[in-house]
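Hi,

Here's the structure I promised to pass on. Have a look at it first, and then read my notes below.

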Amino acid sequence: MQIETIEKKAFNIRKHIVHTVINNGDGHAGPSLSCTDILATLYFGIMDIKVDEPKYPNRDRFILSAGHKCLALYGTLIEKGFEMADVMKTYNMLGTKVPGHPDMKKFTGVDFSSGALGHGLPIGSGMALSAKLKGEKQRVFVLMGDGEQGEGSNWEAAMFASHHCLDNLVGIIDRNGLQINGSTLEVLDTRDLRERYSAFGWSVKVVDGHNIEELLSTFQSIPFQKGKPSMVIANTIKSKGMPFAEGDFKYHHWNPGKDSQEAKDALDALEHYAKEKGWTK
Amino acid sequence: MTTKKRNPRDAFGEALLELGKNNSCVMAVSCDSGSGSGMNPFKKELPQQYLEVGISEQNAIGVSAGLAESGYIPVVSAIAPFISMRAFEQVRNDLGYANMNVKVIGSSSGLSHCALGSTHQAIEDLTLMRSIPNMVVLNPGDVFEVEMSLRAAIDHQGPVYIRMPRHEMAEPLDASERSFEIGKGEYLMNTGDDIVIAVTGTLTIDGLMAAKILDEMGFGVKVINFTTVKPLDTGILSEAYQNAKYLFTVEEHSVIGGFGSAVVEALAATKGKAPIHIVGIADGSINTGPYRELLEAYGLTWEKIVDRILFVVKK
């Protein structure tokens, strides 16, 4: 039951992503769609947060280090009830609360602003350390991209987190294998991320990033090893849910136009998926 | 002027320790810089409030942002060019734009690391730090200002950059006669309007000594000290500028974008016809040597400041 609930939430988040880009123009659709199932699992199956008290001090924290995947985060927080869905109609508009990278001062429920890659893991490490020092039980989740692993600041934080035994810190790598200029293998090889993070003192698990059941059980087993930060390497498919774009780096950005064939194909794919699941009449 | 000299790092360390004892939220964050920053007494007495991050300035700023979001008041210190330049994007995004309550200490700033070479000198940090939204920029020039800057920074809600000097220094005035407030300039001398000298940081003493020479030569001179570079005290500045014949700014920093630039920006739309001259480090100056000799080579000792001013006013 819980799994189907999360799957439905993930579907709704995908609808927010696709509709927003079709209606309002250019957005990071591909990377947002690859991490959608991870966000749905965290926010609807794992994290301790209160919608009626967004700044609840002991809440679990989530940092979208790969801030360009913000459409997925906005969709998730809307589904959670932090903001109304109408807010997405202002995407790409002057003064919007939903800019192209998330801003903690603008959108309720965003735990920290992000955008420039490689910032999330250091900030999350500080939050996790704070919880340890105060004896609080909160956990801190930081979602990164696999291309983002090229930023050296991640590895500074990786050393720091294991040195300070931050087993309340959870890194997640949305490993869709693509970045803006092509395959991560071609741009900067990240095949052995498991070995690298293990060598840095983390406990690492590799999962299917679209399998809700596996994601749920993985996050439920945190920390993987007492005294060590946990890293979840989630193998995903870029543009998951838009078959014509899946696994194609060109859809890192997407700007199909309202009346385009691609827009129609994307909406048809969503409808088809819902029918398959039996969620529509 | 008092002849007593004190080490600013010791003064900083003592003040930080006291502040830490009074407030358990104060967290000293070291980038393997505890001894160089004067934080070792803090480490010894308050180890539970001392965090060693290692040689990783970007991470230190990120970790400090995370600690601040959770209610701590991190005071993160590293050698000035590393914390202000290597970690600039983290300072801008994670402290400035996010308005996090973190105090960034650029230790051994300016030409302090005179002999170590240009990699360790920070002569562009004011330019960078004052460009960041929400950032308060303090540039203390003596141990009184060091102590007061730190205390004021802890009381201030939001990010603050303190440009810390390294060398022992005399104090221009008896500390008991001074007050300190973020955003307030102070007159150190006022004998007339011929020459206004706006000083900041480590060259305050040299600026004041130059002024005394000029005063003895018969010029009416004002010396205004600006420990706060941002927000600049535009009130005291504009008032002095209105009747001034010449305005000179003096700083141990590049002439591009620093204190002098801030003064020019502030006065750009005000009344007053006095020429403004920025006395600082010329673009392209990359040199090494003993501190005072380096200052002299860059034209920043009191003797050179007098020469520069006389050259201008006697034209």
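The buried residues of α9(B) are covered by a set of elements of chain B that includes β9 (186-190), β10 (195-199), β11 (221-225), β13 (246-254) and α13 (302-313). Keep in mind that this is a predicted model. Which residues of α9(B) are buried? They are T204(B), D206(B), G207(B), L208(B), A210(B), A211(B) and L214(B). As a reminder, an α-helix has 3.6 residues a turn, so residues three or four places apart point the same way.

You can also check the length of α9 (residues 204-216) of chain B yourself. With 13 residues at 1.5 Å each, the helix should span 18 Å, and its end C-alpha atoms are indeed 18 Å apart, so the two agree. (The expected span is 1.5 Å times one less than the number of residues.) Just after α9(B), look for G218(B), which has a positive phi of about 110°.

Now zoom out a bit. Chain B splits into domain 1 (2-170) and domain 2 (183-313), and the C-alpha centres of these two domains of chain B lie 25 Å apart. Their contact involves 26 residues from domain 1 of chain B and 25 residues from domain 2 of chain B. On the domain 1 side, α7 (125-130), β6 (136-138), α8 (143-155) and β8 (169-171) of chain B each bring at least two residues. That side of domain 1 has 13 nonpolar, eight polar and five charged residues.

Next, the sheet. Seven strands of chain B form an open sheet in the order β3-β2-β4-β5-β7-β6-β12, with mixed pairing. Why do β3 (50-52) and β12 (228-230) of chain B have one side without a neighbour in the sheet? Both stand at the edges and have a single partner strand each, so nothing in the sheet flanks the other side. From one strand to the next, the twist averages 20°.

For a closer look at one pair, try β2 (residues 26-30) and β4 (residues 73-79) of chain B, which run parallel and are joined by five bridges. There, V26(B) sits opposite I73(B) in β4(B). α8(B) lies across β2, β4, β5 (103-107), β6 and β7 (160-163) of chain B, and runs at about 170° to β7(B).

Finally, the other chain: 19 residues of chain B are in contact with 18 residues of chain A. On the chain B side, α4(B) gives the most, with nine residues. By class, that side has seven nonpolar, nine polar and three charged residues.

Cheers

Methods:
Residues numbered from 1 in each chain as written. Chains lettered and ligands numbered in written order. Predicted model: local features only at pLDDT ≥ 70, side-chain atom pairs only at ≥ 80, totals over all residues. Helix = DSSP H or I, 4+ residues; strand = E, 2+ residues; numbered from the N terminus. Buried ≥ 20, exposed ≤ 12 C-beta atoms within 10 Å, placed from the backbone. Contact = placed C-beta atoms within 7 Å. Domains from an automatic or database assignment. Nonpolar A, V, L, I, M, F, W, Y, C, P; charged D, E, K, R; others polar. Pairing = 2+ DSSP bridges. Axes fitted to C-alpha atoms, helices over the stretch in contact; angles between N-to-C directions.
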